[in-house]
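Here's a quick briefing to read alongside the model. It starts with the chain as a whole and then zooms in on one sheet.

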Amino acid sequence: MHINKIHTRKDILYASMIPVKLTIKGLYSYKEAQEIDFTQLTEASIFGIFGSVGSGKSSILEAITFALYGDTERMNKSGDDRNYNMMNLRSDELYIDFICSAGKDDNKYRFTVKGRRNSKNFNDVKTLERKSYQWMPELNDWSPILVDDAAEKIIGLTYENFKRTIIIPQGRFQEFIELPLSKRTQMMNDIFQLEKYDLAPKAKILKEINEKQLENLAGKLSQIGQNAAEELEIAESSLKNTQTLIQLNNTDLLSKSDDEKKFEEIGKLFESLQLTQNQADELKKQTPDFDRKAERLKQFQYSQFVFRPLFDEKQRKLADLQRDSESLRLKISQENQIRISIEEKTLNLEKITPQFENRDAIKQEVEELDKILKIKECQQIHTDAENNLKRGRVAEDQQKEKIAQLKNLKKESEQRLNHLKASQIDLERVSEVSNWFVIKNNLLKDKEALMKDANSIVAEIEKLKKEKELIYTNTFTELNPEVTEQFSSTEYPEKIPEIRQGLLSKAELLDKEIVHFSTQQALQRYAETLQPGEPCPLCGAAHHPHVLNASEDFESAILQIQNQQKVYRNQVEALDKMKNFILEIEAKIALFESRKIEIKAKWAENNRLITLNEVKFSWNEFSREDNESVKKAFEDAKKQGLTIKELDSDISQKNIEIENAQKHLDEKITPALLKLNNDIIAKITEIEFYKSQVKILSLTDFEGKDKKSILEESQKQQAFYNQIIHEFEQLTKQILEHRDKQNVLFGEISSLQKNLKQHDITLAEILHKIEEQLLNSSVQTESEILQILEWNINPEAEQAMIDDFRKTLHTALSRLKELEENTKGLRYDAEIHEKLRVDIESLGQKLNDLRKEEGSLNAQAEKLRKDLSEQAQLLKEREKLDIRGKDIDTLSKLFKSSGFVSYVSSMHLQNLCNQANVRFHKMTRHQLQLEIYESSPSQYDFLVRDLLNEGKTRGIKPFQVDRNFR
C-alpha cells in the first residue's frame with residue numbers, strides 16, 4: 001500500500017494526507033467491525049498490507065477513497081448498483097470511519113460513511129450518508145465541516161490526482177508517467193497549486209495601470225502648459241502696480257472720511273436740538289392731566305389702606321353668620337331623623353330576640369340533616385362498589401384466559417421456527433457462488449469491451465494512415481504536379497527537404513533579380529536629368545554614349561518577380577504546415593499503437609483471470625453454466641431468512657404481549673379488586689358512625705326521601721338560622737351606630753349656637769370702626785367709599801406712569817439746555833455734507849474694484865505657482881513611471897505563456913525523479929536513471945538514461961515502469 005506525501009521547498013505549499021485510524025464494518029468481505037491503527041505503521045514512513053487475492057486489501061483503499069471523495073475505482077459507473085454491491089450480503093449496515101491528519105498544520109480530520117439495508121426489501125440499500133469533521137482542541141470534540149467536496153479543499157487534490165499521487169492503485173503508476181504533457185502539467189498545477197506562479201495576467205494589469213497613469217500625467221501636463229513661468233512674472237508685476245494704486249486711494253479716502261464724520265456729528269447735534277425742543281413743548285401740555293391723576297391716585301390709595309380691610313372683615317363675618325345659621329338648622333333636622341330611626345330599630349330587635357335565643361336547637365337540626373345526607377351518599381357508593389367488584393371478577397377471568405391463549409400461539413411459532421432452522425439454506429455458500437458468477441460476468445464484459453476497443457483502434461489507425469497519404473498527395477500535387485509524377489507516395493517524406501530547399505533557392509535567386517531591376521530603376525531616374533555636355537552626377541563623365549531608355553517599366557518587372565517570390569515562400573510555408581500536421585498524425589498513430597499493446601496485455605490478463613476463476617469453481621451442487629439455479633437458491637435463502645426473521649419477531653412480540661397481559665393483571669386488575677373490597681368495608685363502617693350521631697331527628701322519617709329533598713330541607717334550615725343571626729347582629733350594630741351619631745350632633749349643635757353669639761358681637765365692633773373712620777375722612781358716606789374702591793386703578797402702574805412722566809419732563813428740559821450750549825457758535829451746511837458723501841462713495845467703489853483686481857491677480861499668481869510646483873512633481877512621477885514601465889515589460893516577457901509556471905513544474909518533476917532514482921538505482925544496480933528533458937518550449941517529459949551503455953537515453957514507454965516503481 002502506498003501512502004505518499006508530496007513535499008516541496010519551504011517556500012512552496014506542503015500537501016499531505018497521513019492516515020491515523022480506519023474502522024470498517026459491512027464493506028465487501030468485512031462483515032464484522034474491523035479497526036486499523038496506522039499510528040505505528042506510519043512511523044517508519046512505509047509499510048505493506050499483504051494477503052491472498054480477494055482477502056480485502058483493495059477494500060481498505062476503497063474505504064479510504066470512498067470516505068474522502070464518495071467514489072471508488074472498482075464501482076464508479078452508472079449501473080454498478082454500488083450501494084448494494086459494496087455492502088456485505090450478511091450485513092444490514094455499512095459503516096466507514098476514517099481519521100487522518102492533513103494540511104501543513106497537520107490538523108486532524110474525520111470522514112464517516114453510514115448506510116442501512118431496507119428491512120422490507122433486501123436488494124434496496126439506501127443512500128450512503130457521508131459526513132466530515134475537524135478536531136477542535138479548544139472544544140475537545142469533533143466539529144462538523146459544512147462544505148461540499150471537503151476532502152478536495154483539505155488535501156488540495158481532486159479525486160483523479162489523489163489516485164495518481166497519494167494512493168496509487170495496482171498497476172496505475174504507469175498512467176501518471178504516460179499522461180499527455182498537457183494533462184500532466186495540469187495535474188502538477190493542481191497538486192502544487194502552481195497557478196499562483198502564473199503572474200502574466202497580473203503583469204498585464206500592472207502594465208495597463210502604468211500606461212493609464214502615464215496618460216493621466218500627460219493630460220495634466222498639457223493642461224498646465226509650457227509658459228507658466230512667464231505668465232507668473234507678468235501677474236506679479238500687475239499685482240504690484242495695483243497694490244500701489246490701492247494705497248494712494250486709501251489715503252485719500254481716510255482723509256475725506258474724517259471730514260465727513262465731523263459734518264455728521266454737527267448735523268446730529270442740530271437735529272437732536274430740534275427734536276428735544278419739540279418733546280419738551282409736548283410734555284408741558286400734558287402736565288395738568290398728570291396732576292389730576294396724582295390726586296385721584298392719592299384718594300384711591302387712602303381708601304384702599306383704611307376702608308378696604310374693614311369692609312372685607314365685615315363681609316367675612318356676615319358670611320360666617322349665614323353659614324353657621326344654616327349648619328345649625330341642618331344639624332337639628334339630622335338629630336330628629338336619627339332619633340326616629342333608633343326607636344323603629346329597637347322595636348324590631350324586641351320582636352326577633354326569642355328566635356335568636358333558640359338558635360342552638362336550629363343549628364343542631366341542620367347538622368343532623370347533613371349526617372343523614374352523608375348516610376345516603378355512603379349507601380350509594382357501597383352499592384356501586386359491589387357492582388364494580390362483580391364486573392372486576394369477570395375481567396380477571398377473561399385476562400387469565402387471554403394469557404393462556406398467547407402462550408399457546410407462542411409455542412406454535414417456536415415449533416415452526418425450529419423446523420425452518422433445521423432445513424435452512426447456507427446463505428454464505430450461495431453468496432460465494434453468486435460472487436463467482438459476478439466476477440465471471442464482469443470478466444466477460446471486460447473481454448467484450450477490450451475487443452470493441454481493439455477494433456476501434458485498428459480502424460482509427462487505418463483512417464489516420466489514409467488521411468496522411470491523402471495529405472501528401474494533395475499537397476505535392478498543388479505544389480508541383482510534374483514533380484509528383486516522378487516518384488511514388490512512399491517517397492514523399494524523403495523528398496520534402498529537397499523540394500523545400502529548391503523552393504527557397506528559387507526565392508533567393510529572385511532576390512538578385514529584384515536588386516538588379518531596382519538598380520536599373522534608380523539609374524533611370526538619373527538618366528532622365530542628364531544633359532549633353534554636362535557631367536554625370538554619379539560618375540562625373542561628360543559623355544553619355546548609352547543612356548537608359550525612360551520607356552522601360554522596371555516597376556512592373558519588380559512587382560512580377562516579387563509575386564513569384566511570394567508564391568515560392570507560400571509553398572514553403574504550406575510544406576511546413578503539412579509537415580507539422582503529418583507529425584501530429586504520426587503521434588496519434590503512435591499513441592494508438594501503444595494503446596494496442598496495452599489492450600493486448602489486458603486481453604492476456606483477462607484470459608488468465610477467466611481461467612483462474614474457472615479453477616476456483618468448487619460447488620458441486622451448482623453448475624458453472626447455470627446462473628439461474630444460483631439466483632433461485634439465493635432467493636429461496638432470502639425468503640427463508642425473511643420467514644425466520646418474521647417468526648423471531650412474532651415470538652418476541654408474543655413474549656411482549658404475554659408480559660404486558662400478565663403485568664396488566666398483576667398491576668391493574670388484582671389491585672383494583674382488592675381496593676373495591678376495602679372500599680365496601682370502609683363505607684359500611686362510615687354509615688354506622690353517622691347513624692350514631694343523629695339524636696333529634698328520626699332516621700325512619702327520611703327512608704323514603706331522596707338526597708335532593710334532604711339537601712333542600714337542610715339548606716332551608718341553615719338559611720333560616722343564618723338570617724336570624726344576621727338580623728339580630730345588624731339591628732344591634734345599627735342602634736349603637738345611630739346613638740353615637742346622635743351624641744356627636746348634640747355636641748355640634750351646642751358649638752354652633754355659641755359661634756352665632758360670637759359672630760353678632762364681632763360684627764357690631766366692625767360697624768363701629770367704619771363710622772369712626774368716616775368721621776375722619778373727606779368722604780361722608782359708606783356708599784361713596786365703595787364707589788372709590790370700585791375704580792379700575794392699578795396703583796403701582798399708575799404711580800409708575802406719573803413718575804415716568806415727571807422724569808421724562810425733567811430729562812427733556814435738562815437735555816435742551818445742554819444742546820443749546822453745545823450748538824452755540826456752530827453752523828451746518830447740508831449741501832457740502834452731501835457732496836462729501838458722494839466723493840467718499842466714489843472713492844470706496846474705486847478702492848473695491850482695485851481690491852477685487854488685487855485678489856484676482858493674487859489668485860492667478862498663486863495658481864501659477866502651484867502649477868509650476870505640480871509640473872515639477874508630475875515630471876518626477878513621469879520619470880518614475882517610465883522606469884516602472886520598462887521593469888513591467890521585463891516581467892511580462894519573463895511570465896509570457898506560463899513560462900515561469902512551467903519552470904516551477906519542472907523543478908517538482910526533477911524532485912520526483914530524484915526520489916524515484918534512490919530506489920531505481922538500487923533495483924537496476926545503477927544501470928538505469930530516470931530524467932526529465934524539455935521536449936518543446938515549456939513542455940517537459942521523461943526519458944531513461946542507460947549508464948552502462950555510454951549514457952545513451954531512450955523513451956520511457958519501452959520499460960515496464962509500473963512493475964519497477966510499484
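**Chain at a glance**

Of the 966 residues in this chain, 32% count as buried. Keep in mind that you're looking at a predicted model. The secondary structure adds up to 21 helices and nine strands.

**Contacts and surface**

- Take the contacts between residues at least 6 apart in sequence: 75% of them join residues at least 24 apart.
- The chain's accessible surface is about 63000 Å², and carbon and sulfur atoms account for 51% of that area.

**The six-stranded sheet**

- Six strands make up an open sheet, and reading across you get S2-S1-S3-S4-S5-S6 with antiparallel pairing.
- At the edges sit strand S2 (34–37) and strand S6 (141–144), each of which pairs on one side only.
- On average, neighbouring strands in this sheet are turned by 25° against each other, if you ignore direction.
- As a general reminder, the strands of a sheet pair through backbone hydrogen bonds, either parallel or antiparallel.

**Zooming in on S1 and S3**

- Strand S1 (residues 17–25) runs antiparallel to strand S3 (residues 93–102), and the two pair over eight bridges.
- If you want one spot to click on, try Lys25, whose bridge partner in S3 is Tyr95.

**The helix on the sheet**

- Helix H1 (residues 57–69) packs on this sheet, where it touches S1, S2 and S3, plus strand S4 (107–116) and strand S5 (129–136).
- The direction of H1 makes about 80° with that of S3.

Conventions. Residues numbered from 1 in each chain as written. Predicted model: local features only at pLDDT ≥ 70, side-chain atom pairs only at ≥ 80, totals over all residues. Heavy atoms only, no water. Helix = DSSP H or I, 4+ residues; strand = E, 2+ residues; numbered from the N terminus. Buried < 20%, exposed > 50% of the residue type's maximum accessible area, 1.4 Å probe, protein only. Contact = heavy atoms within 4.5 Å. Areas by Shrake-Rupley, 256 points an atom, 1.4 Å probe, with all protein chains shown as cover. Pairing = 2+ DSSP bridges. Axes fitted to C-alpha atoms, helices over the stretch in contact; angles between N-to-C directions.
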